[in-house]
Structure formats: structure tokens, C-alpha cells
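Please read the following note with the sequence and the model open beside it. The points move from loops and peptide bonds to the domains and then to the ligand.

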Amino acid sequence: GINVTINNKPMTVAEGKTILEVCKEAGINIPTLCYHPDLKPGGVCNLCVVQVAGEAELVKSCETEIKAGMVIDTDNDAVIASRKEALTTILEKHPNDCLTCERVGGDCELQNQAYYYEVNPKERNVPNRGLDVSSFALTRDMDKCIACEKCVRMCEDIQGIGVYEKVETADDVYITTKANVPISETDCINCGQCIKVCPVGALTEKNEIHKAMAALRDPNKHVVVQMAPAIKNTLGEEFGTAPGADVTGKIPAAFRKLGVAKVFDTDFTADLTIMEEGTEFLHRVKEGGTLPLLTSCSPGWIKYIEHQYPQLLDNLSSCKSPQQMFGALAKSYYPETAGLDPKDIFHLSIMPCTAKKFEANRPEMSQNGIQDVDVVLTTRELAKLFKLEGINLLQLEDEGFDQLMGEGTGAARIFANTGGVMEAALRTVVWILTEGDIDTIDYTAVRGLEGVKEAELEVAGMKVKVAIASGTGNAKKLMDKVAAGDSGYHFIEIMGCPTGCIGGGGAPLPDDNAVKQQRMEGIYASDAGNPVRRSHENTEVQKIYKDYLGEPGGHKAHHLLHTHYVD
Ligand code: HC0
């Protein structure tokens with residue numbers, strides 16, 4: 001360590017870090033707008049300035065390495081005056097419509113800093129760059145953009161796509177899409193990672209709270225809900241729990257307060273996906289079909305492969321995602337069983353994902369002109385809806401899901417973690433290959449937050465080589481190998497967001513890799529605590545095959561649960 005003095009206090013700190021990192025670790029508050037721990041420093045917002053003794057000017061703590069002997073002041077008059085000036089410059093161009101902003105409710109970092117430093121310029125000269133509502137997944141309000149460039153760094157450096165760019169003119173700096181086209185015309189995959197790093201309301205999920213509220217109020221609508229595996233271990237954060245806390249039982253209770261007809265669980269179709277995808281995998285192995293099989297449950301990833309690797313679309317599993325399998329059944333199996341008309345059903349899906357909003361609107365995802373999933377709300381939108389309706393989630397008594405499509409195994413829950421779909425598939429595929437002669441449930445080699453993982457297994461005399469990537473920047477590394485034709489992999493799981501659904505574009509804020517680590521551990525704890533941990537043991541899954549679908553991979557299953565993505 002090295003010795004420094006911060007705010008008159010001598011301390012020993014680690015070498016090789018920035019002043020900002022050291023202060024954050026020491027619990028010393030330095031405001032930032034353009035900084036995110038998972039991105040390289042931006043150095044553009046000027047809020048993180050501090051005074052270093054001997055330096056003529058204030059320095060940006062986000063890009064200044066701490067050195068032995070430094071005497072640092074993070075909070076003196078000069079520092080505060082400089083921050084106020086930086087905030088004034090930003091706010092003079094920022095709209096003053098906080099009342100209806102999507103980041104209402106303490107989520108706007110700019111508003112929080114403006115309040116803290118008491119900055120509120122009366123004259124606002126808003127640039128009038130307009131609203132981009134071309135996407136099903138996200139909305140861009142470029143008048144609110146403060147050019148912090150975090151979206152640029154996220155999309156380019158982490159996701160490897162590069163939809164956005166910074167434009168600098170003589171008297172202006174702003175962010176646009178490349179070629180300044182509506183976002184739906186770019187290579188955007190709808191992952192929403194840019195939203196999560198945006199400090200203001202410039203990038204938000206496409207708000208559908210009011211659509212959901214209208215359906216909930218409509219006496220003629222029979223509202224049926226599904227919710228993703230990740231929701232149960234992340235929604236609590238919005239109400240103050242630690243990341244990863246399992247609040248599964250609270251959510252059905254909350255929805256029933258809102259008069260929902262059925263509260264079902266996407267975990268049910270996650271288990272169903274394993275039956276279908278496992279069958280497809282074994283079929284391809286036995287029949288010499290296209291390998292490696294690529295998972296198809298992440299709609300951001302689907303969009304990415306469609307744009308970037310169309311030659312590999314035959315590798316993609318034909319399985320719809322669990323959300324869309326659920327949607328298809330919510331408008332067929334469920335109404336047929338309950339004696340309802342599919343037209344009267346409003347199917348609401350809760351996802352930690354913005355790309356799921358896009359997926360629900362894909363033309364393949366409807367039957368007889370009726371869309372399978374009517375509205376998708378993100379985790380954040382659901383929390384907002386509950387709060388607006390006066391529901392204090394954590395005070396509710398636990399309740400269960402409704403039967404028919406409400407049962408989920410531990411294998412389904414781990415879908416939320418990168419590597420989870422692969423592990424869930426292995427739990428069932430290996431069981432089938434060994435004819436049940438296997439005790440292994442935990443495949444720890446595929447766990448962990450690393451961006452690319454691989455493992456090799458001996459199964460019933462067969463070598464199975466699997467790989468996993470999360471985030472499209474990491475997916476690219478694997479797909480380049482697959483496209484070259486010599487990867488040797490049999491089965492690959494890809495999730496569009498770094499760390500998988502626990503890091504989804506609709507997840508609670510703020511998050512970073514430390515928070516995601518806790519979410520991941522929470523998910524595995526929920527799995528370990530579930531008495532049933534293999535998808536083929538889900539009794540409602542067994543029942544739907546017996547009563548309705550026939551065999552996994554059979555005709556009816558194909559019609560409802562599979563699709564085909566074309567170039
Ligand atoms: Fe996921 Fe899913 S696991 S993509 O990450 O497969 O969003 O949580 O709901 O559909 O089940 C997200 C999470 C899902 C789907 C499931 C898959």
C-alpha cells in the first residue's frame with residue numbers, strides 16, 4: 001500500500017487505482033455522472049473534481065491515479081464551486097420536466113446532484129433534438145442527454161456493437177446514433193445496457209406501465225401474468241432488500257391485490273424449454289444435425305446473430321424463448337383448459353429485459369392475429385407500478401403461484417444466471433443419456449460471471465464440449481470460432497446481456513458486477529432450496545405433455561413452442 005492524506009486523514013491505500021476508486025472504497029462520497037465501475041473512465045462530466053495539494057488546477061478523480069504522499073481534498077470550497085459550475089452548464093441545456101420524466105422517483109442522478117448542490121438555473125436553453133420512439137424496446141429523449149458517453153462506451157466496448165457516437169461541433173457536443181438514423185434502423189439489439197448506464201432520462205425502456213394499468217382496470221380483460229426467473233431474486237432490491245434476496249412469494253400476493261386473474265411463472269416454460277431443447281440437442285447429435293446447437297432464449301442475442309452471423313442461423317435452436325412459449329400457451333392451453341376465449345385474455349409478462357418487449361412484437365409471435373404476449377414490463381417498471389398502486393411488497397404475506405403453469409424447478413430458476421440454461425440442460429440431457437443413472441445436479445464448471453466459459457464432460461461414453469458467453473462482445477469471440485468451422489463445441493449458451501438475465505437491461509438500478517455477483521448467489525441459493533431441481537421432474541410439465549402436447553419435439557409442441565428465424 002501507499003500512504004496518502006484524504007480530507008486531512010492519513011490513510012494507507014492500494015496502489016494503481018484512481019483517486020475516485022480509492023475514495024469509493026473508503027466510503028468518501030464523490031459525485032459522478034459519466035463514471036461507471038464496469039466501464040473505462042469518461043472524464044467528461046467534471047463532477048468528480050478534487051483538489052490535490054501542489055496542483056494548480058483541480059483534477060478529475062476518475063482518471064487520476066493516486067500516488068504516494070498525495071494530499072487530497074474532496075470537498076473544499078473550490079471543489080464545490082467547480083461542481084456547481086459543471087452542473088449549471090449541464091442544467092442550462094436540460095429540460096425542466098422532472099414531473100413526468102421516466103426517471104422520476106429518485107432514479108435520476110442529475111436531479112440528485114442538482115438537489116445536493118442546490119443548482120437550478122432558471123433559464124433553460126434546451127437544444128430540441130427530439131424524441132426517438134422507433135424502437136419497441138427503448139425510447140431516446142435526446143433533449144435530456146448530457147453527453148456523458150456512457151452509452152457509447154457500453155455499446156462499443158462491452159457489447160461490441162457501436163450503435164452510438166459522439167458528435168462535436170464548434171459550440172456543441174452531443175450523442176447520436178451513427179448516421180443519425182432512428183435507433184430501429186441501426187444494429188441495436190434492444191439489450192438496454194445503455195439504459196442502465198444512462199444517468200438521466202435520455203435512454204429509458206419503452207414505458208408500458210400505463211398500458212398495463214389500463215388492462216388491470218378493464219373489467220372485460222382477463223389478466224394473466226408470467227414472470228421471468230430473475231424477477232424473483234431482483235425485484236426486492238427496488239424495495240430495499242439486499243441484491244439476490246428471494247421475494248418469490250410476495251409477487252403473486254401483490255398481483256392478486258391488483259385483481260389479476262392468474263399469476264403464473266415463466267419458470268414453468270423454462271422447464272418446458274429444457275425438454276424441447278434437450279430433445280432437439282439429442283436429436284441433432286444422433287442424426288448428425290447442425291452442431292454446435294446455439295440457445296435461442298435471449299432476444300437480444302437472436303437479433304445479434306441475425307445481424308452479425310446470419311450464416312449461423314441453422315445452428316440456432318428452433319425453440320421459442322420461455323417467454324414466448326408461455327405466451328403461446330397462455331393463448332391456447334390455458335383458455336382451452338379454463339373455457340375462455342383467447343381474445344379476452346390480456347397476457348402481461350414481467351422481464352428483467354428490454355429486448356423481450358421487442359420479442360413480443362415479432363410477427364412470428366402471434367396466433368390468428370392475436371399477439372401471444374400483450375405487454376412486457378421490466379423489473380423496474382413493475383416496481384414502479386406496485387409503488388404507484390400503494391403496494392408495499394415486503395409487507396405482504398407469501399402466496400403461491402396459480403396451478404397449471406405455476407410450477408418451476410431449481411433448473412428453471414438458474415436460467416437467470418449466465419451458464420444456467422446450460423446447467424439446466426445438462427441436468428436433464430445427462431439424465432436421459434445415462435438412463436437416470438446419475439446423481440450430479442450441480443455442474444459448477446459452467447457457473448460464474450466470466451464472459452466466456454467452457455467445459456468438457458464425459459457422458460455415457462460420449463465427450464460433450466460446451467461453451468457459454470454472456471454479452472454480445474463475448475459472444476463474438478465464440479461465434480468467430482464457430483463461423484471458422486473448427487470450434488469442436490456441441491452446445492453453446494449465449495445471453496445477450498453481460499452476466500445473463502441478472503444483468504438484464506430492465507434490472508434494478510444501480511447495478512454493477514459486485515451487485516450481479518450477489519444476485520447470482522441468490523439465484524443459486526433459491527435453486528439449492530428447491531426440492532425439485534431437474535426440469536423433467538416438473539409435474540405440470542409432465543402433465544402438459546400427457547394432456548395436451550404429446551411428446552417433446554412432437555407435432556403440437558413444434559407448432560406452439562418452436563419457430564424459425566430467417567436471414
Ligand atoms: Fe431470462 Fe429467460 S432466463 S431470457 O435471462 O431462457 O429476460 O430471468 O425470462 O424467456 O425463462 C430474461 C430471465 C427469462 C426467457 C426464461 C430464458
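1. Helices and strands are named here from DSSP runs, a helix having at least four residues and a strand at least two, and they are numbered from the N terminus. The model under review is a predicted one.

2. With these names in hand, N46 can be placed in the loop between α1 (19–25) and β3 (49–52). The backbone angle phi of N46 is near 65°, which is a positive value in a residue other than glycine. The student may wish to find N46 in this loop before reading further.

3. Which residues does the cis peptide bond with omega of about -5° join? The bond joins L291 and P292. P292 itself belongs to the loop between α8 and β13 (293–294).

4. A cis peptide bond also runs from L509 to P510, and its omega is near -10°. Here the proline, P510, is found in the loop that lies between β20 (491–495) and α17 (513–528).

5. As for the overall arrangement, the protein is divided into domain 1 (2–91), domain 2 (109–206) and domain 3 (211–561). The centres of domain 2 and domain 3, taken over C-alpha atoms, are separated by 30 Å. Between these two domains, 18 residues of domain 2 are in contact with 27 residues of domain 3.

6. Where is the ligand found? The space that the ligand takes is the largest cavity. Around the ligand there are 16 residues, of which A230, C297, Q323, K356 and C501 come nearest.

7. What is the chemical character of the shell around the ligand? Its residues divide into twelve nonpolar, three polar and one charged. Two helices, α8 (266–287) and α10 (322–330), each supply at least two residues of this shell.

8. Several backbone atoms approach oxygen atoms of the ligand. For A230, a backbone N or O atom lies 2.9 Å from an oxygen atom of the ligand. A polar backbone atom of Q323 is likewise 2.9 Å from a ligand oxygen atom. For P322, the distance from a backbone N or O atom to an oxygen atom of the ligand is 3.4 Å. A pair of N or O atoms counts as a polar contact within 3.5 Å, so the pairs described for A230, Q323 and P322 fall inside that cut-off.

9. A last remark links two of the points above. A230 and Q323 are among the residues that come nearest to the ligand, and the backbone of A230 and that of Q323 each place an atom 2.9 Å from a ligand oxygen.

Conventions:
Residues numbered from 1 in each chain as written. Predicted model: local features only at pLDDT ≥ 70, side-chain atom pairs only at ≥ 80, totals over all residues. Heavy atoms only, no water. Near = heavy atom within 4 Å. Polar contact = N/O pair within 3.5 Å; in protein donor to acceptor, adjacent residues only side chain to side chain. 1 Å grid on protein atoms, 1.4 Å probe; cavity = no way out; pocket = protein on both sides within 12 Å on 5 of 7 lines; lining within 4 Å. Sits in = over half its atoms within 2 Å of the grid points. Nonpolar A, V, L, I, M, F, W, Y, C, P; charged D, E, K, R; others polar. Domains from an automatic or database assignment. Contact = heavy atoms within 4.5 Å.
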